Amino acid sequence: MKKRKKRKSEGADEGGNDCFRESLKILSLRAYSVKEVELKLRSRGFSEAGISDTIDTLKDYGYLNDLELTRTLIEVKFDVNGYGRRRVREYLLRRKIPSDLAGREIERKLSREISVERGVKLLLSKRRLSGKLDRIKRGKLLRFLAGRGFELEECKDIITEYGKMRELENDR
């Protein structure tokens, strides 16, 4: 049976240096929210005081910034992955971004008009449906958009706009 190596964090914490070094290791992998780093450090056995000091230091250095992380994640999930506002919000909450910050930034960055426009582009790039948009095809589009995290009213607007664009293309 292997002996478990004693972590430095289990002994005396020399002014939070071990905690700070561990947090830098964590942040070297990817960007984390303040709460995610806090939870990771807590799970590794560091004291609350050491974690608090480390978080403050990381914020001072600019290594932890929930606002910038939120803006980046919104951009990636909405623009690159094609997710709707609902799914972006759920993702931010899973990443431990504060709810009020997530809501405020989503409203600032993703208006309903922008969301509908993005949904139409998504359908144009992903869906190749022939013929008129009947009830069955509309249902398929609705399920696709809902699965991507678009809200019901947005889905209806997106499908309507998509139908208009298809009619224009067919008239050419």
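Q: Which residue follows α3, and what is the sign of its phi?

A: Helices are DSSP runs of H or I with at least four residues, numbered from the N terminus. Here α3 is followed by G62, whose phi is positive, near 85°. This is a predicted model, in which local features need pLDDT of at least 70, side-chain atom pairs count only at pLDDT 80 or more, and totals for chains, interfaces and linings use all residues. Residues are numbered from 1 along each chain as its sequence is written, and side-chain values use heavy atoms, with hydrogens and water left out.

Q: How many residues has α3, and what span does it reach from its first C-alpha to its last?

A: The expected span of a helix is 1.5 Å times one less than its number of residues. With 14 residues, α3 reaches 20 Å, close to the 20 Å expected.

Q: Which residues of α3 are buried?

A: Buried means under 20% relative accessible area, exposed over 50%, and partly exposed in between (1.4 Å probe, protein chains only). In α3, G50, I51, T54, I55 and L58 are buried. Seen down the axis of α3, they fall within an arc of 130°, so they line one face of the helix; the arc is that of the directions from the helix axis to the C-beta atoms. A49 and D60, on the other side of α3, are exposed.

Q: Where is Y63 found?

A: Y63 lies in the loop between α3 (48-61) and α4 (66-80). Y63 counts as partly exposed because its relative accessibility is 48%.

Definitions and conventions: Helices (H or I, at least four residues) and strands (E, at least two) are DSSP runs, numbered from the N terminus.
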